[in-house]
Amino acid sequence: MHQHIKRIAQSEGQEATLKGWVANIRESKTNLFIVLRDGTGFVQCVVGLDAVGEEQFEAAKKLTLESSLALTGNVVKDDRQIGGYELQANNVHIYQIAKEYPIAKKTHGEHGVRFLADKRHLWLRSKRQWAIMRVRNEIIMGIHEFFQSRDFIQMDAPIFTGNACEGTTTLFSTDFFGEEAFLSQSGQLYGEAMAMAQGLIYTFGPTFRAEKSDTPRHLAEFWMIEPEMAFYDNEMNMDLIEQFMKHVINRVIKNCTVELEALDRDVEKLARVNQEFPRVPYTEAVKILRGEQEVNGRNAIAVQEEDLANAKKGIEEKTADIAEREVQIKAGMKKGARKFSEAKIVVLRKEIAEMEEQVRNIPKWIESAKSFEDGEDFGGSDETVLTRVFDAPVMVYNWPTKIKAFYMKEVEGDPHHVKGVDLLAPEGYGEIIGGSERETDIDVLLKKIKEHDLPMQEFEWYLDLRRFGSVPHSGFGLGLERIVRWCCDLDHLRETIPFPRRYGRLFP
Ligand code: 4AD
Ligand code: MG
């Protein structure tokens with residue numbers, strides 16, 4: 001049996017065989033230094049001429065990036081190496097010498113977004129993507145652990161559906177034996193039925209939205225986790241959301257140190273999830289957004305103006321830094337120092353581009369925030385502006401009736417608002433959870449189904465839930481890719497799922 005790199009400490013001082021791929025390779029006269037990756041981790045392996053003999057050494061010199069091989073040798077503790085160990089090989093077995101790898105390591109930062117997306121099947125092997133997928137896995141485990149330990153039953157909702165759950169504008173339609181069917185936007189309505197059978201349930205499955213918009217927050221196919229709880233009002237719903245988020249994020253912080261480091265994630269910011277989540281009614285959130293109400297002495301508009309000023313200053317400083325480095329390079333530098341400086345310039349240019357993007361965007365965001373009208377839905381930038389004044393995730397509740405789904409329960413004595421709740425992630429990430437207490441009054445539901453122009457006949461089964469043993473109940477939906485994006489601090493959802501399906505992207 002070969003050893004997994006993650007568990008290499010178990011083989012300290014002993015011989016072990018590792019199997020994997022070349023993540024990096026450099027060569028001296030009598031040694032090859034290979035960074036081997038096997039999926040569980042990365043480790044440096046030294047292949048010495050004396051240790052493996054001339055024949056194997058010559059063969060190993062032909063190894064290229066992503067070539068596959070097995071290495072046997074002694075495991076030695078070495079704190080200077082990644083993972084703290086090194087394998088000193090005495091045998092090399094090559095599976096395949098890879099052709100020239102299209103995603104070469106040194107030019108990594110320079111590949112365009114489209115190129116990497118086209119090469120997604122290979123891009124998944126890069127260290128960042130490797131780390132993201134492992135964080136995603138940890139989140140999934142944390143979600144199951146949370147619900148299972150609280151007596152929830154996992155249920156699978158259908159994917160072919162006849163019902164629109166979240167409005168009719170984002171439905172993918174398909175042919176179901178000659179009948180029109182839709183790909184499910186949400187498992188919620190079926191979850192409600194199951195909650196009346198099982199009490200506490202959660203779905204965990206793919207959902208589909210025909211979002212014809214190319215934004216960093218929208219996928220056409222994404223995974224949603226939807227708990228539904230009998231005998232829960234919206235207060236209990238919010239309590240559960242808060243406990244749930246704390247549990248999942250803390251598990252990631254605890255078990256993904258290597259991955260979060262590879263992603264350069266500021267873990268301290270993530271750990272702010274342990275603070276109490278502010279709960280803000282929608283009408284108050286509107287005032288905060290417009291800069292009419294402050295939060296802990298912070299004004300949303302002023303924060304944006306500061307961000308803008310900082311970005312402008314940053315561009316100036318970084319531009320000057322580049323100019324200075326270019327002068328030094330021209331004047332002549334030692335090879336090592338020049339390489340370092342050139343790499344630094346690439347990074348600086350990227351940072352400047354990001355800041356220029358901010359300089360373009362922030363004035364528009366401020367404009368949109370200041371002129372926001374009570375009763376409208378928050379756009380992506382409004383969420384960013386709003387959440388910047390909070391450290392922890394914030395729950396916005398009691399939303400305008402007209403912008404929310406038909407099933408949300410009206411606030412007593414205020415038909416213009418419903419008991420919906422959105423959880424907005426900090427650091428500008430915005431909505432990651434949407435939920436509500438569900439309407440139980442069948443007459444209100446009938447009225448709403450008509451108002452939303454939904455086909456009454458197809459909702460008959462759902463109305464049965466209100467006819468037979470109706471109880472107060474609530475639930476919510478977490479977008480898996482949205483929480484992965486926040487945890488990993490990513491610009492875009494395209495990196496959060498193995499093979500993204502979004503507007504303009506069906507391959508690979
Ligand atoms: O707010 P939404 O539309 O709520 C529902 O679907 C409810 N039925 C949930 C419930 O109460 N059971 O979607 C829930 C979450 C959003 O907060 C977001 O995280 C994610 O699903 N989401 C998307 N993620 C990626 N791409 C999209 N196009 C998404 N649309 C929603
Ligand atoms: Mg929503």
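This note describes a strand barrel, a helix and a buried threonine in a predicted model.

1. Basis. Local features in this predicted model need pLDDT of at least 70, side-chain atom pairs count only at pLDDT 80 or more, and totals for chains, interfaces and linings use all residues. Residues are numbered from 1 along each chain as its sequence is written, chains are lettered from A and ligands numbered from 1 in the order in which they are written, and side-chain values use heavy atoms, leaving out hydrogens and water.

2. The barrel. Five strands (DSSP E runs of at least two residues, numbered from the N terminus, as are helices, H or I runs of at least four) form a closed barrel in the order S1-S2-S3-S5-S4, with mixed pairing (at least two DSSP bridges between two strands). The twist from one strand to the next averages 55° (between N-to-C directions of lines fitted to C-alpha atoms, for helices over the stretch in contact, on a scale from 0 to 180 degrees).

3. Strands S2 and S3. S2 (residues 31–37) and S3 (residues 42–48) run antiparallel and are joined by seven bridges. Asn31 stands opposite Gly48 in S3.

4. Helix H14. Tyr462, Leu463, Leu465 and Arg466 are the buried residues (under 20% relative accessible area, with exposed over 50% and partly exposed in between, 1.4 Å probe, protein chains only) of H14 (residues 460–467). They lie on the same side of H14 because they cover an arc of only 140° around the axis (taken from the directions from the helix axis to the C-beta atoms).

5. Thr207. This residue lies in strand S10 (residues 200–208). Thr207 counts as buried because its relative accessibility is 3%.
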